[in-house]
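Visitor: Could you take me on a close look at one part of this protein, the second largest pocket, and then show me what else is worth seeing around it?

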Amino acid sequence: METKLTRIAEAARMRPNEKFTSLAHLINEETIKECHREMSRNKASGVDEVTKEEYELNLESNVKDLINRMKRQAYKPQPVRRVHIPKPGSDKKRPLGIPAYEDKLVQSALAKILNAIYEQDFLECSFGFRPGRGCHDAMKILDKILDKREIRYVVDADIRSFFDHVDHEWLMKFLQHRIADPNILRLVARFLRSGIIEAGAEYDTPEGTPQGGCCSPILGNLYLHYVLDLWFEKRVRKDCRGRAYMVRYADDTVFCFQHKEDAKEFYSQMIERLGQFNLEVAEEKTKIISLNKEKDEDNGKDGGGSKQTNSFDFLGFTHYMGEDKNGAKRIKRKTSKKKYRASLLRCKEWIQRNRHMPTKDFMKKMNIKLQGYCRYYGITDNHNAVSNFIDEVKKLIFKWLNRRSQRRSFSWDKYNLFLKKYPLPRAKNYVRIFELGMGSSYVL
């Protein structure tokens, strides 16, 4: 399949106006088996309650039956099992859709096909859920944009419940720009309309694409490619008096402008634009930020004389105007308070649940978790925040290991000896956000 996908990707790149009429044959027995091998064993089961291990017991016959049903147009995706996972540090919960195992395999194969085509169309400003592009890449490009002296204003935009409000009719129209295979279009439509099951009750899905499905990231990117990316690139940037850029990671987007008038005009246009496609701006989370690159500029005030913020949160970091060692102003970043508290709460809950594990295993898993945290948040300018986080985790471990029995296990002296035997990671910079020689045609 990889060879065929490479050919499709090359054709999509060379002929940007071509529509693909024959794609469904790529979802065959070999492709489904490959997707099965790639599927994680730790994934939660859907309404069918089938796990990877159970499906594997009769893999040949299961896959053959699935492909036969697809060829007869008899395959119908099962409703998605919806669960609500808590947001640490908040009373709110995030809805998560878990497809049946068989549907996960078909979605995975479908996502490979869609990615091969649309990766050639997606713009440089888009980073979320794309091969070879991650959060740190988005922040590097954003830093390069904000470092430009002429960029002085940022619109920090938040789309309210994006994945719950994707308009099916518009999404199918967008797909038809590049795909003319009725079998693929029918398959996507069936996934979108498969419904959800929550607390034992089944509901229709007239809109949205559930977070959790293998297809949701590419379908979400596709939707915003046409709704936001192309509109901003072809219309907004050309109409602005000064420079304008955007950086998008999934539905989290930052827009950068040279002039305040351009930022204000864009803000009002964006509300109208999103409304045309069944989307809504979360106005309480969307704001215009003045970067205040000069000490006498705006003085941190808006037109009415009230204090306005000059920082914004993006991808778990608070981006703010600071000074380097020479006193020159530049954008710096630190872990956002919200993410800091949420991560610390997750650590606390994990320690409470697992403090009775054998000490060696407990500290090994704790180290893995902290290493993951450090590798993400260990970036330029954020050393102190990561170091403080590790210190707080040390205190939590001391507190909860001392509660494993009625007698205290540690004094601080003994605990320090314990940490010499089982050391925790040290804070360090894993990612350099501004790199000499790093460039992109998008920010030239």
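Guide: Happily. Seventeen is the count to keep in mind, since 17 residues line the second largest pocket, with Met39, Lys43, Gly212, Gly213 and Cys214 nearest its centre. Three elements each give two or more residues to this lining: α2 (29–38), β2 (93–98) and α5 (101–118). The biggest contributor is α5, which gives four residues. Helices here are DSSP runs of H or I with at least four residues, strands are runs of E with at least two, and both are numbered from the N terminus.

Before going on, a word on the model: it is predicted, so local features need pLDDT of at least 70 and side-chain atom pairs count only at pLDDT 80 or more, while totals for chains, interfaces and linings use all residues. Residues are numbered from 1 along each chain as its sequence is written, and side-chain values use heavy atoms, with hydrogens and water left out.

The pocket holds about 410 Å³ of space. On a 1 Å grid over the protein atoms alone, a pocket is an open set of points with protein on both sides within 12 Å along at least five of seven lines, a cavity is a set where a 1.4 Å probe fits but cannot get out, and lining residues have an atom within 4 Å of a point. Grid points are joined across faces, edges and corners, and a volume is the space filled by probe spheres set on the points. By class, the pocket lining has eight nonpolar, five polar and four charged residues. Ala, Val, Leu, Ile, Met, Phe, Trp, Tyr, Cys and Pro count as nonpolar, Asp, Glu, Lys and Arg as charged, and the others, Gly among them, as polar.

Lys43 also belongs to the lining of the second largest cavity, together with Ser40, Arg41, Ala44, Ser45, Val50, Thr51, Lys52, Tyr101 and Lys104. About 40 Å³ of space lies in that cavity, and its lining divides into three nonpolar, three polar and four charged residues.

The structure has two cavities of 30 Å³ or more. The largest has a volume of about 120 Å³. Of the 13 residues that line it, Gln107, Phe191, Thr209, Pro210 and Ser216 lie nearest its centre. Here the lining has seven nonpolar, six polar and no charged residues. Helices α8 and α9 (216–239) each supply at least two of the lining residues.

Helix α8 (residues 182–192) is also the place of Leu187. With 8% relative accessibility, Leu187 counts as buried; buried means under 20% relative accessible area, exposed over 50%, and partly exposed in between, using a 1.4 Å probe and protein chains only. Leaving aside neighbours within four places in sequence, Leu187 is in contact (heavy atoms within 4.5 Å) with Ile27, Met70, Tyr75, Val106 and Leu110. Leu187 and Gln73 are 114 residues apart in sequence, yet their C-alpha atoms are 9.3 Å apart in space.

For another buried residue, look at Val254 in strand β7 (residues 252–257), where the relative accessible area is 0%. Asp156 is 98 residues away along the chain, and its C-alpha is separated from that of Val254 by 4.9 Å. Asp156 is also one of the residues that Val254 touches, along with others including Leu142, Tyr245 and Phe312.
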